[in-house]
Every structure is written in C-alpha cells, then in structure tokens.
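Notebook open, coffee poured. I want to look up how the helices pack and where the internal holes sit.

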Amino acid sequence: MAYLIQILLNGAHNGALYALLSYGYALTYQVTHRANFAHGAIFAFSGQNLILFTAFGWNTLWLILPLALIFGLTVAAAFSGMVLLLLARTVFPPLIEKSPNTMIAATLGVSITLMELARLGAGTRDFWLPQLFATPVHFGGSLGPTLTQIQLLNMLIIVALLVMSETIMRNSRFGRYVRAVSDDPLAAELIGVSKSAISKAVVVAGGSYAIVAGFLAAIYFGNIGFGAGLVFGLKVLFISAAGGFSVPVYTAAGAFLVGITEAVWDGYFPTIYRDAVLYCVLAFLLATRIEKHAINIHN
C-alpha cells in the first residue's frame, strides 16, 4: 500500500506540471480555435534557457549557485518572454483567420526553430543543474511515503497559479471578454470588444504558463532534452483535445489524471509501452468526442 501511495504522490507532481501546461493551452485555444504545436516548444525552450544561463553564471561569471540560479531565471524569463511576445504580435494574429492546417504548419515550424536555437545555444551539449531542495518530506513516519521539498513547492506554486487564474477568468472583465470572443467573435466586436487585443493577451497569458512550467520542470529534473518541446507539445495537444477545450480548468484536471496514470503505469508495467498506450487511449477518447459532436449536429 505504501508503494502505491508513493507512486501516486510522484504522479501528482508530474500531473501538476501537465495541468499547468494544459490549462495554458486550453486558454489559448478558447480564442484562437487552432492547434498550437509551439506551446510545448515554449515550455522546453524556457527550461533549457534557465539551465543554459544558470550554467553560464556558474562557469563563466563565477557566481555562487543561488546567484547563478537567480541570474538564469531573470535572463531566461526575459528571453522567453520576448519570444512569446514576438509570437503573439507577429505569428498568431494573421494565422487565426487562416485555415487550421496553416496554424499547425506554422507552429510546428516555430517548435523546430526553438529546439534548434536551444541546441545551438548549448553547443549540442547537455547541462545539468544540481539537485535543489531535494530534502525528503515524510508522510506517516520516517518509513512512510515521501515527497521532496521541490516537489511540494512546485505543486503549491501550480495550485496557486491555477486558483488565481480561475478567479480572474470567472470574476473579471477580462474573463468575460475572453468568453465573449470565444463564443462569438463578431458579436463581441459589435459591442466594442477587440478580438485582436484579446487574442494577443490570451496567447501571452497561455504561453506564460508554459514558461513557468518550463522553469519548474527544469529546476526539478535538472535537465530538459532538446526534443522535449515536440514531445510535450504533442502530449498536451492530445490531452487537451480528448478532454475538450471549452473549460480550461477541466482540461487541467484531465491532464492531472494523465500524470497520475503515467506514474501508476511506470510502477507496475513496462515503461517502454507507456506513451504508446497513452496516445491510443487519448486518440480513442478524442474519436469518441468527435462522434458524439457529429451526432448532436445531425440531430
């Protein structure tokens, strides 16, 4: 029983990271109604920048580890933020009005570009952060299940962000504008709500969650591979599509359950088959949703 509890606790941390990523993705999709492969790339790109600039502060500037980490966070946040603003202002606006396939092709190109920039910036080398806040916190005695301090801190940050975001989206004027543009862009324009301005703001907000998730993942894992952007982007796309995009918090809840499921699978079944089974299940759920939607339209 203790083994299962330990697996569930570890899965809760990974599920929380998926939830934050999926929430930002669904928030963006609400307005754009387009698949976005760049979301996972922004996640990986921000984490890789944090590792790269922290390593630069440590190896080149000879900073002590806390200062090197602060330097890495500051520069990576500024650099990733500039990339996100560039995408929100120049890439997404013209593509929202085009075919959905155009957005897929363009954001896939953005994803490959960001992966290559990170690879070239690191000189095709892997840099690793040391273990940070790795002291275990015991539950149920010294021999009971544990979580590290960084896992607990990450989950607290993610819960706080999601609660704050949901409060803003449900109770603020901005949230009402987002729902108006999502439901009927033309009607929103007629009452004075700028679709263009709301779309840019939501793309920045959704991408900001990906940046934060990238930072939290980089500090916890110590490294993010160059191809992680495409892997996470595809996984979040499938999770969000299978769960529906209409309510971001429901999408986040579904992503959390996927993280738990992955941990349980790793604990009891061969890891090599995990992603294949996961994608098959998500594809089945997506096909079921599409079929139900088609039946409702027909009726």
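My entries on helix packing and cavities follow.

**Ground rules.** I am working from a predicted model, where local features need pLDDT of at least 70, side-chain atom pairs count only at pLDDT 80 or more, and totals for chains, interfaces and linings use all residues. Residues are numbered from 1 along each chain as its sequence is written, and side-chain values use heavy atoms, with hydrogens and water left out.

**Entry 1: helix 1 on helix 8.** I started with helix 1 (residues 2-32) and helix 8 (residues 195-221); helices are DSSP runs of H or I, at least four residues, numbered from the N terminus. Their axes come within 8 Å and cross at roughly 165°. Axes here are lines fitted to C-alpha atoms over the stretch in contact, with angles from 0 to 180 degrees between N-to-C directions. That makes helix 1 roughly antiparallel to helix 8 (over 145 degrees; under 35 is roughly parallel, 65 to 115 roughly perpendicular, the rest oblique). I noted a left-handed crossing for helix 1 and helix 8, where left-handed says the near helix is turned anticlockwise from the far one by less than a right angle, and right-handed says clockwise. The contact of helix 1 with helix 8 has 18 nonpolar, seven polar and no charged residues. For the classes, Ala, Val, Leu, Ile, Met, Phe, Trp, Tyr, Cys and Pro count as nonpolar, Asp, Glu, Lys and Arg as charged, and the others, Gly among them, as polar.

**Entry 2: helix 2 on helix 8.** Next up was helix 2 (38-59). I found the axes of helix 2 and helix 8 coming within 7 Å and crossing at roughly 45°, and the two are therefore oblique to each other. This crossing is right-handed. From helix 2, His39, Ile42, Phe43, Ser46, Gly47, Leu50 and Ile51 make the contact, meaning heavy atoms within 4.5 Å. Their partners in helix 8 include Gly206, Gly207, Ala210 and Gly214. By class I have eleven nonpolar, six polar and no charged residues in the contact of helix 2 with helix 8.

**Entry 3: helix 6 on helix 8.** Helix 6 (residues 173-183) packs on helix 8 at about 110°, axes 10 Å apart. That makes helix 6 roughly perpendicular to helix 8. On the helix 6 side I listed Phe174, Tyr177, Val178 and Val181, and on the helix 8 side Lys195, Ile198, Ala201 and Val202. The contact of helix 6 with helix 8 splits into seven nonpolar, no polar and one charged. The crossing of helix 6 and helix 8 is left-handed.

**Entry 4: cavities.** How many cavities of 30 Å³ or more does the structure hold? I get two. A cavity is a set of points, on a 1 Å grid over the protein atoms alone, where a 1.4 Å probe fits but cannot get out, and lining residues have an atom within 4 Å of a point. The largest is about 40 Å³; volume is the space filled by probe spheres set on the points, which are joined across faces, edges and corners. Helix 8 gives the most to the lining of the largest cavity, with three residues. Among the residues lining this cavity are Thr28, Asn36, His39, Val203, Gly206 and Gly207. I count four nonpolar, five polar and no charged residues in that lining.

The second largest cavity is about 30 Å³. Its lining is Tyr25, Thr28, Tyr29, Thr32, Arg34, Asn36 and His39, and helix 1 gives the most, with four residues. That lining divides into two nonpolar, four polar and one charged.

Methods
1 Å grid on protein atoms, 1.4 Å probe; cavity = no way out; pocket = protein on both sides within 12 Å on 5 of 7 lines; lining within 4 Å.
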